[in-house]
Amino acid sequence: MNQPTPAADAPRADRRRWRVALVASSWHRDLVDRALDSARRRLAMAQEPGVDVDGVDVPGAFEIPLCVQRLARSGRYDAVIAAGLVVDGGIYRHDFVAAAVIDGLMRVQLDTDVPVLSAVLTPHAFHDHSTHRGWFAEHLALKGTEVADACLQLLAVPAPAR
């Protein structure tokens, strides 16, 4: 029996839904949730083939790359999005954590050939008061939408045959 052939412009030959994992750090969760919520909304708007989203929580930003690596290597996900907030607490540690997270995410992406996208913000001037919290809440919401758009664009690029 002949099988129907997907349209030539189909992002995936098998037309299965894409599966995306969202990995989020728990520190400043109320702010990080703004990025997650807007990313989920944007991914839900994706048309053919559609997107299924799973969420995974980790304690802090430093733990994000290992979790992302495990998800990317599982073969279950077409892309992984990371979200977090690494704030400058007045000690030099902030720079090391921010660099480790971003470098780790890039390494996972290159090692696994699974797109890894970052909505991990690393501000140097975050102060825990209403003005900064409000500004970063809105900024993280914007970043969630932007990272979801980038994810959808990458998923539409055909992967090389293996």
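Q: Which residues does A79 touch, not counting residues up to four places away in sequence?
A: This is a predicted model, where local features need pLDDT of at least 70, side-chain atom pairs count only at pLDDT 80 or more, and totals for chains, interfaces and linings use all residues. Residues are numbered from 1 along each chain as its sequence is written, and side-chain values use heavy atoms, leaving out hydrogens and water. With contact taken as heavy atoms within 4.5 Å, the partners of A79 are R19, V20, A21, V114, P115, L117, C151 and L155.

Q: Is A79 buried or exposed?
A: A79 lies in strand β3, residues 79-85; strands (E, at least two residues) and helices (H or I, at least four) are DSSP runs, numbered from the N terminus. Buried means under 20% relative accessible area, exposed over 50% and partly exposed in between, with a 1.4 Å probe and protein chains only. Because its relative accessible area is 0%, A79 is buried.

Q: Which element gives the most to the largest nonpolar core?
A: Such a core is a set of buried Ala, Val, Leu, Ile, Met, Phe, Trp, Tyr and Cys residues joined through side-chain atoms within 4.5 Å. Here the largest one has 26 residues, and V20, L43, V51, I81 and C151 touch the most other members. β1, α1, β3, β4 and α4 each give two or more residues. The top contributor, with 7 residues, is α4.

Q: How many residues of helix α2 are buried?
A: Helix α2 spans residues 64-73 and is mostly covered. Its buried residues are I64, P65, C67, V68, Q69, L71 and A72. Out of 10 residues, the buried number is 7.
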